[in-house]
Amino acid sequence: MDKTEQDELKKAAAKIAADKVENGIVLGVGTGSTVKFFIDWLGQRRNEGLKLKQIVTTSSRSKKQLEDLSFKVDELCDVDQVDLTVDGADRVDDNLDGIKGGGAALTLEKNVAVNSKKNIWIVDESKLVHHLSGFKLPVEVLPISAMQVKRRFESQGLNPEFRMVDGKRLKTHYGNYILDLDISPIPVPEGLADYLDHTVGVVEHGLFLNICDEVIVAKSDGIEE
Ligand code: 5RP
């Protein structure tokens, strides 16, 4: 599938999600190229009369796009409860568990997602897998102990590599680093999530387990919900 075709699929999934957004809700808006289309559709729905109570988002990129469309964007700490969050994903398995963080926004994405009553992911068919695999697992780590955490991961056979941009370690929104773990397939996602949740120096990781309620998949032969 070429990029144009893939973008058409992302756009189609994003439209179905935008049509599900109801008046008066607090909406969480995720990050990524699929969500970018969702924000465009949201702008269109607002022009047709959609009124939201509040919007929160998971990255400065999405925030800017929303603000360019004249949406007011609040911080997560300024809302009681998010009603619905629409986000993309890097991989989704048969249980609707996923890998996220390809855009390095995983920490805010997970914070918004777990504080949302409902989570919908919008993906094209290339993201679907039976078992989580085929995408390096992003782990956000504190710079102060990043080398020690990397060595610990190495000793566990997790094959960590710092994510680099222009020859430098990528810094997240919070000034942390990303270690991408090369493990595919992930044999026991719950076990790995538990290990990462209990590793000092790990800020957050991209295993999103039991979080997603619904996936909208755009396939070449139609939409699957
Ligand atoms: C960012 C994410 C994105 O949701 C994920 O990378 C999917 O992005 P795209 O829609 O561009 O494929 O987790 O941290």
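**Close-up views of a predicted model**

**View 1. The open sheet of six strands.** In this predicted model, six strands form an open sheet in the order S2-S1-S3-S6-S14-S15, and their pairing is mixed. S2 and S15 are the edge strands, each pairing on one side only. From one strand to the next, the twist averages 20 degrees. S3 and S6 pair in the parallel sense, over five bridges. Val82 has Ser116, in S6, as its bridge partner.

**View 2. Helix H1 on the sheet.** H1 packs on the sheet and touches S3, S6, S14 and S15. The direction of H1 makes about 155 degrees with that of S6. The helix covers residues 3-19, which is 17 residues. From its first C-alpha to its last H1 reaches 24 Å, close to the 24 Å expected at 1.5 Å a residue. The buried residues of H1 are Leu9, Lys10, Ala13, Ala14, Lys15, Ala17 and Ala18. Their cover includes helix H2 as well as strands S3 (82-87), S6 (116-124), S14 (214-219) and S15 (222-224).

**View 3. Helix H4 and Glu109.** H4 (residues 106-114) contains Glu109. The helix lies across S1, S2, S3 and S6, and runs at about 140 degrees to S3. An unreviewed UniProt entry lists Glu109 under "active site". Glu109 counts as buried because 29 other C-beta atoms lie within 10 Å, where 20 or more are required. Apart from neighbours within four places in sequence, the residues in contact with Glu109 are Gly30, Thr31, Thr58, Asp87 and Lys100.

**View 4. The two sides of helix H3.** In H3 (residues 60-68), Ser62, Gln65 and Leu66 are the buried residues. These residues are on the same side of H3 because they cover an arc of only 100 degrees around the axis. Ser60 and Asp68, on the other side of H3, are exposed. The buried residues of H3 pack against strand S1 (26-29), helix H2 (33-47) and strand S2 (54-57). Ser70 follows H3 and has a positive phi, near 70 degrees.

Conventions:
Residues are numbered from 1 along each chain as its sequence is written. This is a predicted model: local features need pLDDT of at least 70, side-chain atom pairs count only at pLDDT 80 or more; totals for chains, interfaces and linings use all residues. A residue is buried if 20 or more other C-beta atoms lie within 10 Å of its own, exposed if 12 or fewer, and partly exposed in between; C-beta atoms are placed from the backbone. Helices (H or I, at least four residues) and strands (E, at least two) are DSSP runs, numbered from the N terminus. The arc is that of the directions from the helix axis to the C-beta atoms. Two residues are in contact if their C-beta atoms, placed from the backbone, lie within 7 Å. The expected span of a helix is 1.5 Å times one less than its number of residues. UniProt positions are given in the numbering used here, feature names are shortened, and annotations may be inferred rather than shown by experiment. Two strands pair if DSSP finds at least two bridges between them. Axes are lines fitted to C-alpha atoms, for helices over the stretch in contact, and angles run from 0 to 180 degrees between N-to-C directions.
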